[in-house]
Amino acid sequence: TADNEQAYQRITKIRDEFKLKMIVQGNGYEYRRLAQLKAAGMPVIVPLLFPNAPEVEHPDQALDTSLEGMQHWEQAPSNLAMLDQAGVTVMLTPAGLKEPKKDFWMRVRLAVRRGLTADHALAALTTTPANILGQQKRLGSVQVGAMANLVVASGDLFADDQAQIEISFVEGKAFTTEHYRRFELRGNWTAQFGEKNAN
């Protein structure tokens, strides 16, 4: 785990000295070390730790806000996009979020709005971790012989702020959420075909 952006150099030296395979968990400041991370060639598990907007409504608060804090508030949501564009292999984690159930998808969508493509965001949650762990035949994709781990949502989880996960399948077993809505289709309906109505 890299506690700060200076840790990547030390981690790379340890990896090289002992000839280790490493996956590093980042800290949200990876955009400050893009060239170094690309050269290191290590996959990075990226937390979605975006800071809150600085409080600058009152002069005293504004004076206490550092330029570094303002810059990080501006850059942090673009962290994943910059890593992806630099060619660094990334995965996503809710680690460190106070309310992961509430905040995770909201922050993924913000990262997508800031330049991470939806396809690469999906890969960072599915195929990339499976490939790195050597489990691509069992995990990360929908294919014959793979574990039936799926998510069904009410909309596009990467673009629609109102989209909610309704059902999760773990090894084929369904788990519904509080957002699951099954519509009752039984009843009397009227359908219109051209100018004719049918019951």
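Q: What makes a residue count among the 29% of this chain's 199 residues that are buried?
A: Buried means under 20% relative accessible area, with a 1.4 Å probe and protein chains only as the setting; 29% of the 199 residues come out that way. This is a predicted model, where local features need pLDDT of at least 70, side-chain atom pairs count only at pLDDT 80 or more, and totals for chains, interfaces and linings use all residues. Residues are numbered from 1 along each chain as its sequence is written, and side-chain values use heavy atoms, leaving out hydrogens and water.

Q: Why is the chain called more spread out than a compact globule?
A: The globule rule is 2.2 Å times the number of residues to the power 0.38, and the radius of gyration is taken over C-alpha atoms. For 199 residues the rule gives 16 Å, but the chain has 22 Å, well over that, so it's more spread out than a compact globule. The C-alpha trace spans about 75 × 55 × 30 Å along its principal axes.

Q: How do you know that β4 and β5 pair?
A: Pairing takes at least two bridges found by DSSP, and four join β4 (residues 150–153) to β5 (residues 165–170). Strands here are DSSP runs of E, at least two residues, numbered from the N terminus. The two run antiparallel, and A153 has I165 as its bridge partner in β5.

Q: What makes β5 and β6 partners too?
A: Again there are four bridges, with β6 covering residues 173–176 and running antiparallel to β5. F169 is bridged to A174 in β6. The two strands form a hairpin with two residues between them, and E171 in the turn has a positive phi of about 50 degrees.

Note on methods: Buried means under 20% relative accessible area, exposed over 50%, partly exposed in between (1.4 Å probe, protein chains only).
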